[in-house]
Amino acid sequence: MKLTAIAAALSLVGLVAYWQWSGRRRTGWMVLAGLVLVPSAYFAWRQHTLELRLSEVVEQVSGRTGANANCQGFMREFRLDNNLGEVAFDGKGGTSTTAQVRGGVCSHLRSFIGGGAADPSEDQTIAVHVLTHEAIHVSGITSEAETECVALQRSKEAAIMLGAAPETARAMGQWYWNEVFPRMPGTYRAKECFEDGDLDLSPGDGIWPRRNLWSPAWKVD
Ligand SMILES: [Zn+2]
């Protein structure tokens, strides 16, 4: 899809250039080509810059160099069944380096970033959690229950990378734990997922979902 779109755009640019310089100007067609090309270029650029930003998060949270995020959207089509995001598993315990994210989730992430990552909506909070959840899969965890439990403790790292203040990021993880996690299907809720449980990444610190592990090195401008 992406290559087809780029090829079509380049052909159109070539055609306009040919009309312009061959002396056979076709103004009406050239205006029409501009009306297609300009918005297309804008949406492609917008999606590309968002994916770059989200890819940094997936790479950092997963710890896998070269990991990236793909958004469903103008330049990219893929099936996601009913999921908000997906990471392909190879059936032998390995996972893909690509987090595939539903277009609507990417839209909420875009508005979260655009709003300065302050005062996040519920949809934006869930979107940050979904991105983190997929990043945890990319790190090599295939169990949904374990992935979900690790993600709800580490989503604050993703929120901070996307611009949130540490306190905002912590509150987002807390809200997810209180409001969304209890409503998740059983396959997503590990019985070891509680403060000081086996899946507590920082047991004994008296804080749940987790102490803020933000490191200044993760700050992304
Ligand atoms: Zn999952």
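## Strand pairing

Let's start in the sheet of this predicted model: glutamate 86 has glutamine 100 of S3 as its bridge partner. Right beside that pair, glycine 85 is bridged to valine 101 of S3. Strand S2 (residues 85-86) and S3 run antiparallel, with two bridges joining them.

S3 also pairs with S1. Strand S1 (residues 68-71) and strand S3 (residues 98-101) run parallel and are joined by four bridges. One residue pair to look up here is alanine 69 with alanine 99, its bridge partner in S3. Put together, the three strands make an open sheet with mixed pairing, in the order S1-S3-S2. S1 and S2 are the edge strands, each pairing on one side only. Helix H4 lies across S1, S2 and S3, and runs at about 150° to S3.

## The overall picture

Zooming out, the protein has six helices and three strands. Along the sequence they come as α-α-β-β-β-α-α-α-α. The C-alpha atoms fill a box of roughly 75 × 40 × 30 Å along the principal axes.

Of the 221 residues, 32% are buried. As for contacts between residues at least 6 apart in sequence, 62% of them join residues at least 24 apart.

## H1, out in the open

Helix H1 covers residues 2-21, which is 20 residues, and reaches 29 Å from its first C-alpha to its last, close to the 28 Å expected at 1.5 Å a residue. How many of the 20 residues of H1 are buried? The number is zero, so H1 lies largely in the open. After H1 comes glycine 23, with a positive phi near 80°.

## H2 and what covers it

Helix H2 spans residues 27-62. Its 36 residues reach 51 Å from first C-alpha to last, close to the 52 Å expected at 1.5 Å a residue. The buried residues in H2 are Gln47, Leu50, Glu51, Leu54, Val57, Val58, Val61 and Ser62.

What covers those buried residues of H2? The cover includes S1, S3, helix H3 (103-114), helix H4 (122-138) and H5. After H2 comes glycine 63, which has a positive phi near 75°.

## H5, enclosed and kinked

Helix H5 takes in residues 144-161, 18 in number, and reaches 24 Å from its first C-alpha to its last, close to the 26 Å expected at 1.5 Å a residue. There's a kink of about 50° in H5, centred on glutamine 153. Of the 18 residues, 15 are buried, so H5 is largely enclosed by the rest of the structure. Glycine 163 follows H5 and has a positive phi, near 120°.

Methionine 161 belongs to H5. Why does methionine 161 count as buried? Because it has 23 C-beta neighbours inside 10 Å, and 20 or more is enough for a residue to be buried. Methionine 161 and valine 150 are eleven residues apart in sequence, and their C-alpha atoms are 17 Å apart in space.

## Where H2 meets H5

The axes of H2 and H5 come within 10 Å and cross at roughly 145°. The crossing is right-handed. From H2, the contact is made by Glu56, Val57, Gln60 and Val61, and from H5 by Arg154, Glu157, Ala158 and Met161. Two of those H2 residues, Val57 and Val61, also turn up among the buried residues of the helix.

## Backbone oddities

Some backbone angles are worth a look in your viewer. Alanine 117 isn't a glycine, yet has a positive phi of about 55°. Alanine 117 sits in the loop between H3 and H4. Is alanine 117 buried or exposed? With 21 other C-beta atoms within 10 Å, alanine 117 is buried.

Aspartate 196, another residue other than glycine, has a positive phi near 70°. Aspartate 196 is in the segment after H6. With 11 other C-beta atoms within 10 Å, aspartate 196 is exposed; the cut-off for exposed is 12 or fewer.

The segment after helix H6 (166-180) also holds proline 209. The peptide bond leading from tryptophan 208 to proline 209 is cis, with omega near 5°.

Notes. Residues are numbered from 1 along each chain as its sequence is written. This is a predicted model: local features need pLDDT of at least 70, side-chain atom pairs count only at pLDDT 80 or more; totals for chains, interfaces and linings use all residues. The expected span of a helix is 1.5 Å times one less than its number of residues. The bend at a residue is the angle between axes fitted to the seven residues ending there and the seven starting there. Two strands pair if DSSP finds at least two bridges between them. Axes are lines fitted to C-alpha atoms, for helices over the stretch in contact, and angles run from 0 to 180 degrees between N-to-C directions. A crossing is left-handed if the near helix is turned anticlockwise from the far one by less than a right angle, and right-handed if clockwise. Two residues are in contact if their C-beta atoms, placed from the backbone, lie within 7 Å.
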